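User: I am new to this structure. Could you show me how to read a few of its features?

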Amino acid sequence: MSRLGPRTRLAVAAARGAAVLSRRAGRGGTSLPGKVLLRIDPDAVRRLAARLPRGSAAISATNGKTTTAAMVAAILERGGTRLVHNRAGANMAGGVAASLLDGRGDLGLFEVDEMWLDGVVRDLRPRALLLGNLLRDQLDRYGELDAIADRWAALAASGAARRMVLNADDPTVADLARLAPADGEPPILFGVEDDGVALAVLQHASDATHCRRCGAPYAYEAHYLGHLGRYRCESCGARRPEPHVVARDIRLDGIRGANFQLTLPDVAGPLPIRLELPGLYNVYNALGAAALATALGASPADIAAGLQAVRPAFGRAERVRLPGRDVAILLVKNPAGANEVLRTLALEDGEHDVLAVLNDRIADGRDVSWIWDADVELLAPHVRRVVCSGTRAPEMAVRMKYAGVPSERIVVEERIDRALDDAAEHADGPLYALPTYTAMLELRALLVARGAAEGSFA
Amino acid sequence: MLRVCALYPDLLSIYADRGNLLLIERRCAWRGIGVELRSVGLGQRLDPDEHDLLYLGGGQDRDQALCARDIAEVKRDALHAAAERGVVILAVCGGYQLLGHSYRLGGESLPGAGLLDVTTVREEGPRLIGNVAIEVELPQADGPRVLAGFENHGGRTVLGPDEEPLGRVLRGHGNDGRSGHEGARRGNVIGTYMHGPLLPKNAWLADWLVQRALGLDEPLAPLDDALEDAAHACARRAAGVPA
């Protein structure tokens, strides 16, 4: 602490005290100490981050922040880097401050909530900033998507991050590349090049289908996921930039995983990658992680090995075994993420038993209208039986009905414990649980209480 | 045959507006009523005689501005002719603002269709967000009914002296958070801030819209609405107005 000023030292002491009190009170409190710290010393993130010997890196996106950060951590730790990392997912300013307070390491790795990104990045001054995607999320929390895009644009132009790592396939994100200050390091772009995984039509949950520069609609040569794809503007000529980090020859393997060929800049020949995480969305997470790791100087061997070592986090396509029943948990929190889960499930053979849990607590988004933007129609023909649960269970049931699931296959049980037991008891094969965020936390507690062990369908 | 037309579906569909169209489509199909769903976009002519029900959803500011200019330049007269003919027009959120006289956003004033005597202003202050329930009295409906949904708007909408609100706010903000009014209705033209989406939470209103669009004297034949009724009750509970 010797190089910190007295105000920051005092703030750090108070924040540590808050952490102790918070733990004694039995609260997790991952961001409370950080909040205390920032209350006393609003400049604490900047001061603490400046002491990291190898600087820091930041990650933001609507979907995939936690998984991408876990991939980057797996890569960098393989190379011996000690990380200060907000693993617990507390990703607003308080959570970043709390990690800096607790952490001892060489390099900071922070996932940051998309709404609070600009303030945190201006304090962190990271070596590299990864922006993965900007998709429709809890609009009741954040107002409209354009407002976030405008804040990201101002941040990109400010040069607060020395280098940007951008998704070339997301037009809103890729457009930030042209705003990077000319005296900074050039952005690294990543993207998918495989028409085999392209969709026939734009998914309903797509948002940025109009040009950021001139407002004309984009023309797409290929749609991959939401509004991600190969696009161009026929009015002003803006088009998807050529990516430096690329996935080709993608083979999706149901909910078990994915295989692809990874091209890195200045590396001869593609690297074959086997991800133990399913779906095209995780291929994008892996590309973002590989590009950010490249910007931070990781070796190709560490990148390949790190990506392959990552296993699903709880609730993110995790597979567990209850006595007598395998359960796969697939978090769904917004239409784009839900569509990837639904598309992945539709690849599995046979008819599925489903437990769909829709909560409307603050962390889920109070507005549940997004379920109508999700392409539940993809899943409907594969539903053997669906139990709908959570605080808005009947509204999920109506969504299933209008997607084409016959009413006699739909069960409504608002209490999640009864719903889980009913679904597990009446299932014929594995049970696919699709919870929103707080529902996923409830399910976790229930599964542990019922003796769930890690398992696998493989 | 019910002829439905969505206006600017690629620009005005930010709040799950597809759910509203899906309710109309499926509930007609289950009754053996054919549905033709078309769309009209920027720069395209709207034929006032070709449709029975027009739908406008909500969009982001930038997209809404594009639509406002297109309505003023291309579709204003056709919209008035359609309303005159008794065509049902349902406009939600941004679409509602577009049916009024104008929408003032900072220094800019977007033109509107002028079908409803309302004006909207984006004020400083928080967006009006949350679950909402209102009481409505509609012609050919069986007494006062409740609509439940979710609102999320920065604009404050004020009715002209002769304009009727769609309903009275029971819980939530409504048009401006002050007047106790929600939405506006003139004959078969309805504007509202209620999404969530509106019709999946209030299936009876979908049926009412179809009845009016087809000019039927009697309500549509009932369906098995056990799930729909439960969803309505759930949305009412969320708004704090249990049945």
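Analyst: We will go through a sheet in chain B and then a helix in chain A; the model is a predicted one.

User: In what order do the strands of the open sheet in chain B run?

Analyst: A sheet is read from strand to neighbouring strand. Here 6 strands follow the order β2-β1-β3-β4-β14-β13 (chain B), and their pairing is mixed.

User: Which strands of chain B stand at the edges of the sheet?

Analyst: Those are β2 (35-40) and β13 (184-186) of chain B; each has a single partner strand, so one side of each lacks a neighbour in the sheet. On average, neighbouring strands of this sheet are turned by 15° against each other, with direction ignored.

User: In what sense do β13(B) and β14 of chain B pair?

Analyst: β13(B) and β14 (residues 189-192) of chain B are antiparallel, joined over 3 bridges. Within this pair, Arg185(B) stands opposite Ile190(B) of β14(B).

User: Which strands does helix α2 of chain B touch?

Analyst: Helix α2 (residues 61-84) of chain B packs on the sheet and touches β1, β2, β3, β4 and β14 of chain B. The direction of α2 makes about 140° with that of β3(B).

User: Turning to chain A, how many residues does helix α4 have, and how far does the helix reach?

Analyst: Span is compared with the rise expected per residue. Helix α4 (residues 65-78) of chain A has 14 residues and reaches 20 Å from first C-alpha to last, close to the 20 Å expected at 1.5 Å a residue.

User: Which residues of α4(A) are buried?

Analyst: Among them are Met71(A), Val72(A), Ile75(A) and Leu76(A), and Lys65(A) is also buried. Just after α4(A), Gly80(A) has a positive phi of about 90°.

Technical notes:
Residues numbered from 1 in each chain as written. Chains lettered and ligands numbered in written order. Predicted model: local features only at pLDDT ≥ 70, side-chain atom pairs only at ≥ 80, totals over all residues. Heavy atoms only, no water. Pairing = 2+ DSSP bridges. Helix = DSSP H or I, 4+ residues; strand = E, 2+ residues; numbered from the N terminus. Axes fitted to C-alpha atoms, helices over the stretch in contact; angles between N-to-C directions. Contact = heavy atoms within 4.5 Å. Expected span 1.5 Å × (residues − 1). Buried < 20%, exposed > 50% of the residue type's maximum accessible area, 1.4 Å probe, protein only.
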